[in-house]
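Visitor: I would like a close look at a single part of this model. Please keep it brisk, and take me from that part to its surroundings.

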Amino acid sequence: MRKLVTTGSPWETKIGYSRAVVVGDTIHISETAGAGDDLYAQTRSALATIESVLVENGFSLGDVVQSRLAVSDFANWEEAARAHGEVYSEIRPAFTLTHALPFVDPAILVEVGAVATRSGV
């Protein structure tokens, strides 16, 4: 079974993507921007959105097996990593950190994505 998770954004149909896709016991969450004035705040906000998508679809942060951060201000990547560590320090999913320039909106400093699998435990 394949379930598309949507936000209702017009960009989803124009570009052809979903906020997330659930296939069986796995959810793939698209990179997500957050709100805030700095890299740390935007990362925390994006991680909160990720958690909401997980919970709304029957998953939890503990189910995350892969996390991705793309930052536009690589000189300050530690701020995004600090926010990520506060959420995932005990879960410790596979992790990718990349430098992305530029994002579609220059106010976006970070995007966060995730893959989670229900373990059934």
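How many residues has H2, and how far does H2 reach from its first C-alpha to its last?

Guide: Keep in mind that this is a predicted model. H2 has 18 residues. From its first C-alpha to its last, H2 reaches 26 Å. At 1.5 Å a residue, 26 Å is also what is expected.

Now look at the sides of H2. Its buried residues are Leu39, Gln42, Thr43, Ala46, Leu47, Ile50, Val53 and Leu54. They cover an arc of only 135° around the axis, so they sit on the same side of H2. Turn to the other side of H2, and you find Val55 and Glu56, which are exposed.

What covers the buried residues of H2? The cover includes strand S2 (20–23), S3, S4, H3 and S6. Let us follow some of these neighbours.

Take H3 next. This helix holds twelve residues, 77–88. At 1.5 Å a residue, H3 should span 16 Å. Its end C-alpha atoms are 16 Å apart, so the span agrees. In H3, the residues Ala80, Ala83, His84, Val87 and Tyr88 are buried. Their arc around the axis is only 120°, which means that they lie on the same side of H3. These buried residues pack against helix H2 (39–56), strand S4 (64–71), strand S5 (94–99) and strand S6 (110–117). So H2 turns up again, because it is one of the elements that the buried residues of H3 pack against.

Strand S4 deserves a stop too. Ser67 has its place in this strand. Is Ser67 buried or exposed? Its relative accessible area is 0%, and buried means under 20%, so Ser67 is buried. Leave out residues up to four places away in sequence, and Ser67 touches nine others: His84, Tyr88, Pro93, Ala94, Phe95, Thr96, Val112, Gly113 and Ala114. Two names on that list, His84 and Tyr88, are buried residues of H3.

Next come the loops. The one between H2 and S4 contains Asp63. Asp63 has 13% relative accessibility, so this loop residue counts as buried. Not counting residues up to four places away in sequence, Asp63 touches Val115, Ala116, Thr117, Arg118 and Ser119. Asp63 and Ile91 are 28 residues apart along the chain, yet their C-alpha atoms are separated by 8.3 Å.

Another loop runs between H3 and S5, and Arg92 lies there. Arg92 is exposed, with a relative accessible area of 68%. Its phi is positive, about 50°, although Arg92 is not a glycine.

Finish with the largest pocket. Its volume is about 470 Å³. The lining has 15 residues, and the closest to the pocket centre are Trp11, Tyr17, Val104, Ile108 and Glu111. Helix H1 (10–16) and strand S3 (26–33) are the elements that give two or more residues to this lining. S3 gives the most, with four residues. By type, the lining divides into seven nonpolar, four polar and four charged residues. S3 also brings us back to the start, as part of what covers the buried residues of H2.

Methods
Residues numbered from 1 in each chain as written. Predicted model: local features only at pLDDT ≥ 70, side-chain atom pairs only at ≥ 80, totals over all residues. Heavy atoms only, no water. Expected span 1.5 Å × (residues − 1). Buried < 20%, exposed > 50% of the residue type's maximum accessible area, 1.4 Å probe, protein only. Arc of directions from axis to C-beta. Contact = heavy atoms within 4.5 Å. 1 Å grid on protein atoms, 1.4 Å probe; cavity = no way out; pocket = protein on both sides within 12 Å on 5 of 7 lines; lining within 4 Å. Points joined across faces, edges and corners; volume = space filled by probe spheres on them. Nonpolar A, V, L, I, M, F, W, Y, C, P; charged D, E, K, R; others polar.
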